[in-house]
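Fresh page in the notebook today. I wanted to go through the backbone, the helix packing and the empty spaces, and jot down what turned up.

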Amino acid sequence: MAIEIRPRVRLYVTQRLRLKGDGVGVGVGDAEPLFSNGRLDSLDAVEMIMFIEETFGINFAEVDFDLTRLDSIDAVVALIGRTHGAEERFVHSASQSPAAPRNSATARE
Amino acid sequence: MTDSGSAPFAAAAAVTMPAAQPSPTPASRSWRQIADWRPPAWRIIPAIDNDPRLIAWVQRLPGRIVLVFCFALVLHSGTGPAAAGLAAACAYAGRYRWHVIPVATLVLLWWNGFWVDGEIVARVAAQEGLAQWINRPLLMAGMLGFVFVLFCCAIGLWHSLAASWIGRRSTLVLLLLFLTLAAIGEAPICRGLPRVVVWSFLATVLPFFWFFAYALGDVRAGGDPAPFWQRLGLFHPFWGATLTPFGKGVAYLRRVEAQTPADLAVTQLKGLKLLLWAALLSIVLQLFATVAHQYLAIPAYDDAFARQIAGHPYPWYVCWLSLFAFFADDLLQMAAWGGTIIACARFAGFRLLRNTYNPLAATTIAEFWNRYFFYYKELLADHFFFPTFFCCFRKYRRLRVFFATFMAACIGNLLFHFMRDIRFVVEMGPAKALIGEESHAFYTVVLALGIACSQLRPRSITQSSSSWLRARLLPGLRVMLFFCLLHVFDAPLDRVHTIGQRMDFLLHLFGLDLWL
C-alpha cells in the first residue's frame, strides 16, 4: 500500500506541536522552521526520528544526520524522498498547506 | 517577559474534547475554581519586536543610532560597550557580516588573553623545575599559533575524511586524542620540557575544543562550504561563550541569520528586549542575595556544607533554606548571564534561541534540563546523544533512548567537566583527580536516570489539559525538588569533598543523621 509522505509527516508534526501546547501547531507551514525557531526541541527530534525510521524505514546512521534535515516539513519530506528515491511504497504529494505567519514562533525567541 | 505557560496551555486544552460531567456541588465547584486557577498572562517588558512602526523606525539611521546607544547603555559592564559596538558593526555590515565576525572575535579574544589557562603551564613548569628557564608568554603565544594552524589543517583535511570511519566520529577522535595527551603528560616517561609542552598544548586547545568539534561536525555534514577562517571566527565568538559554544557552528548560525533589514530590526529588538530582561534579572539577583543572606541571614550553601563537615551543622531547616537559596541564585545567575550573551548575538543579527527559558515552568526533569542551559544540553545532544542513538540498540525503542540519554547526560557530562577542570590532574595528580570525580559521577548518574525516565514517560494531550495546579504546579515543584537535592552532589564542584560528606549533608536535610 502506498504511503503519502507529506500528509503523514504534516499530521505527525501537528500532533507533536499540539502535544507541546503549541496553539499554532494546527497551521504549521511546510517550509516553516521547527527546530531552529524553538517550536520543537531535541527531545522532539528523537521522537520524530523514531517515527520516520518506523514509518518510512530510514536508517539515520546511514543518512549522516544533521538536525537541519528535519527542520521543516519540506526538509523531512525531501530527506525521505532522497533516501528512498523512486521507491513505490512512498508517494510524494505537493505542498498544500499555506506558509504559516512569521510570528508564529514560540516565546523562547 | 511573558508568562508563556497560560496561552499554549489553553490552546492544548482546546484540542481535547472534554467528557460530559455531572453538575458540580458548591464545594466541588469551589475546589474546581482553585484547581482551574491559572497565573495571569502579563508582560514586564513590552513586546517591542511586534510593533510595526518601531520595526520600521529602527531600520532608518536615527533609529539605528538610538538602538545601538540603548543597547550599549544596558550592556555597560566589563567588555559590554565594546561588544555592543562590535555587534552593531557585525549587524550593519550586510554581506560583509561574516568578514566582520572573525575580526570582532579576534579583538575580544586578544582582550581576554584567548581564554588560555596560563596557570596550568606555570604550575607544570614549576613542578619540572623549569619556571625560570621558560619564557611563558612566548611559549603560550607560539602554542596558540601552532594550535590555530593545526585547527585550519584539520578542518581542511576533514573534507576528505568526512565519509571515513574517523570522519564520522570526529568528537570521539578528539576526545580520545585529548585524554591520551593528558595521560601522556602525566606518564612517568614524560618529564621536563616535553611535559611542559604537552600541558601547554592541552591548555591552549581546551578553550576551543567544543568549537572545534562543532566545526568538524559542520564539515562532515557538508551542508555549508564556509572557508576555514569563518569557522575559526566563531571559536569563542565576540558575543560570549564559555567552553560551551552559544550558537554552535557556522551551519547553525546561517539558519538563524537575519536576511532582510526588517528581519534584522526584529532580531535586534528581540536582543534589546532580552538584554533588558537579563538586566532586570541581575537586579533581582542582587536584591535576592541582600534579602536572603543579609536580612534573613540564610547562610550561603558552601558555608552550610562546610559547617556540616566541621561537625557543627546548622539546623536542618536552615540547611533547606540555604539549599533553596542556592538553587534560586543559580537559576537567576544562569538566566542573566546566558541572556546577555544571546542578546549580544541577536544584536549582531543572529536570532538565537534563549539559553535559559522559563525553567520554573518545566513539569518534567527532561524539560527542566532543556530549559535551564539550552546550549550545553545541545552540546551533549549533538556530540553524545545522537551519535549513540543512531548506532546502538536500534531495534529496542526504549532501551535505545535510555542508553543514548545515559551516554549524554552521564558520560558526556562527566567527560565535559573532567576536561573543563583538567587543571586538577596537574594540581592533584591523575589518581586523586579521578577519584575526586566520584561525587560528580554520582550526580551525573542520577541526573541521567532522571532525564531518561522522564523522557520515557509517555506524554499525552489529555494529560496537558488537566488543571494548572495538577498539571503544572505540582510536577514543577517535584522537578525543582529533584534538582535542589541533586545540587548537594555537585556543589561546590571540587575534587576535595567526598561523596560520603555530601551524603551526610543530604541525610541531615531530612534529619536522618541523628538516627543513623
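My entries on this predicted model follow.

**Backbone oddities**

I began with the peptide bonds. Most peptide bonds are trans, and most residues other than glycine have a negative phi. The bond from A491(B) to P492(B) is cis, with omega near -10 degrees. I located P492(B) in the loop that runs between α24 (468-487) and α25 (499-509) of chain B.

Next I looked up positive phi values. K248(B), which is not a glycine, has phi near 55 degrees. K248(B) sits in the loop between α12 (228-232) and α13 (250-256) of chain B. Is K248(B) buried or exposed? Its relative accessible area is 10%, under the 20% cut-off, so I wrote it down as buried.

F393(B) also caught my eye, with a positive phi of about 50 degrees. I found F393(B) in the loop between α18 (374-391) and α19 (397-420) of chain B. F393(B) is partly exposed, at a relative accessible area of 36%.

**A helix crossing**

I then turned to α16 (residues 316-347) and α25 of chain B, whose axes come within 8 Å and cross at roughly 115 degrees. I therefore noted α16(B) and α25(B) as roughly perpendicular to each other. From α16(B), W316(B), C319(B), W320(B) and L323(B) make the contact, and α25(B) brings F505(B), H508(B) and L509(B). By class, I have six nonpolar residues, one polar and no charged ones in this contact.

**Empty space**

How many cavities of 30 Å³ or more does a search of the whole structure find? The search gives three.

The largest cavity holds about 160 Å³ of space. It has 15 lining residues, and L43(A), W369(B), K377(B), A381(B) and F385(B) lie nearest its centre. I saw that α18(B) gives the largest share of this lining, with five residues. The lining divides into 11 nonpolar, three polar and one charged residues.

F385(B) came up again when I checked T405(B), a residue of helix α19 of chain B. T405(B) is buried, with a relative accessible area of 4%. Beyond its neighbours within four places in sequence, its contacts include F385(B), A448(B) and I451(B).

The second largest cavity has a volume of about 50 Å³. Here I met K248(B) again, as one of the lining residues, along with G249(B) and V250(B) among others. Helix α11 (residues 209-221) of chain B gives the most to this lining, four residues. I counted six nonpolar, one polar and three charged residues there.

How values were computed
Residues numbered from 1 in each chain as written. Chains lettered and ligands numbered in written order. Predicted model: local features only at pLDDT ≥ 70, side-chain atom pairs only at ≥ 80, totals over all residues. Heavy atoms only, no water. Helix = DSSP H or I, 4+ residues; strand = E, 2+ residues; numbered from the N terminus. Buried < 20%, exposed > 50% of the residue type's maximum accessible area, 1.4 Å probe, protein only. Axes fitted to C-alpha atoms, helices over the stretch in contact; angles between N-to-C directions. Parallel < 35°, antiparallel > 145°, perpendicular 65-115°, else oblique. Contact = heavy atoms within 4.5 Å. Nonpolar A, V, L, I, M, F, W, Y, C, P; charged D, E, K, R; others polar. 1 Å grid on protein atoms, 1.4 Å probe; cavity = no way out; pocket = protein on both sides within 12 Å on 5 of 7 lines; lining within 4 Å. Points joined across faces, edges and corners; volume = space filled by probe spheres on them.
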